[in-house]
Amino acid sequence: MNRGRAELGTLLHACRANGLTDLLLLHEHRGVPAYFTLANVVMRHDVPGIGPAPQAAPHLIFHGLTSRLGQRVTSILKYLFPVPKEDSKRVVTFANQDDYISFRHHVYKKLDQHNIELTEIGPRFEMKPYMIKLGPLDQEPVADVEWRWHPYTRTAPKRRLLSAP
């Protein structure tokens with residue numbers, strides 16, 4: 001849903017009215033994303049040769065998110081999706097490499113007992129966690145910051161935050 005000029009309270013009311021339990025809010029302030037930085041975004045309609053997206057809930061794959069922070073990010077992301085049925089052919093992958101999480105969306109088809117064919121259905125992008133706040137979204141201005149990325153305060157060599165050494 002495109003937020004447009006809708007205020008946060010209006011969005012929360014619409015979500016509750018439709019029985020939604022989670023809301024993923026992507027916004028930016030003066031060009032700086034607020035909670036995840038997004039890079040290399042390719043929208044669904046820009047992926048060549050894709051068909052319609054299935055409505056079934058996807059199976060989720062998390063790779064390389066092994067640190068304590070990585071497990072927390074995994075927990076946040078997995079609860080954005082409903083539990084899939086066993087026969088669902090959708091797969092969403094969150095793969096960590098150098099603290100950038102690659103998001104990929106595919107459907108699969110079994111060719112035979114040992115071979116599977118993946119077809120990308122988009123979108124795809126890389127995201128990096130920027131901040132995690134505690135509490136519900138309608139109390140966001142006063143919520144405690146659980147974790148914040150501080151890229152310029154470290155003098156030690158580059159650390160991997162999302163994967164354990």
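Buried means under 20% relative accessible area, exposed over 50%, and partly exposed in between (1.4 Å probe, protein chains only). The model is predicted: local features need pLDDT of at least 70, side-chain atom pairs count only at pLDDT 80 or more, and totals for chains, interfaces and linings use all residues. Residues are numbered from 1 along each chain as its sequence is written, and side-chain values use heavy atoms, with hydrogens and water left out.

**Exercise 1. Classify Glu117 and its salt-bridge partner by accessibility.**

Step 1. Glu117 has a relative accessible area of 35%, so it is partly exposed.
Step 2. A salt bridge needs a side-chain nitrogen of Lys or Arg within 4 Å of a carboxyl oxygen of Asp or Glu. The side chain of Lys109 meets that of Glu117 in such a bridge, at 3.8 Å from N to O.
Step 3. Lys109 stands at 48% relative accessibility, so it too counts as partly exposed.

**Exercise 2. Describe the salt bridge between Arg104 and Glu126.**

Step 1. The structure holds 4 salt bridges. In the one between Arg104 and Glu126, the N to O distance is 2.8 Å.
Step 2. Locate the ends. Arg104 is in strand E6 and Glu126 in strand E8, 22 residues apart, so the pair links distant parts of the chain. Helices (H or I, at least four residues) and strands (E, at least two) are DSSP runs, numbered from the N terminus.
Step 3. Check the cover. Glu126 is buried, with a relative accessible area of 11%. Arg104 is partly exposed at 25%.
Step 4. Add another bridge: Arg124 pairs with Glu120, with the closest N and O atoms 2.8 Å apart. Arg124 is partly exposed at 26% relative accessibility.

**Exercise 3. Lay out the fold along the sequence.**

Step 1. Count the elements: 2 helices and 10 strands.
Step 2. Order them: α-β-β-β-β-α-β-β-β-β-β-β.
Step 3. Contact means heavy atoms within 4.5 Å. Of the contacts with a separation of 6 or more, 58% join residues 24 or more positions apart.
Step 4. Of the 165 residues, 27% count as buried.

**Exercise 4. Which residues of helix H1 are buried, and how are they arranged?**

Step 1. H1 spans residues 8–17, and Leu11, Leu12 and Cys15 are buried there.
Step 2. Look down the axis. The buried residues fall within an arc of 100°, so they line one face of the helix. The arc is that of the directions from the helix axis to the C-beta atoms.
Step 3. Turn to the other side: His13 and Ala17 are exposed.
Step 4. Gly19 follows H1, with a positive phi near 75°.

**Exercise 5. Trace the largest nonpolar core.**

Step 1. A nonpolar core is a set of buried Ala, Val, Leu, Ile, Met, Phe, Trp, Tyr and Cys residues joined through side-chain atoms within 4.5 Å.
Step 2. The largest core has 16 residues; Leu69, Val73, Leu77, Phe94, Ile101, Met127 and Leu162 touch the most other members.
Step 3. Helix H2 (68–78) and strands E5 (90–97), E6 (100–110), E8 (124–129) and E9 (131–133) each give two or more residues. The largest share, 3 residues, comes from H2.
Step 4. Zoom in on Phe94. Leaving out residues up to four places away in sequence, Phe94 touches residues including Leu60, Phe62, Leu77, Phe81, Ile101 and Met127.
Step 5. In soluble globular proteins, nonpolar side chains tend to be buried together.
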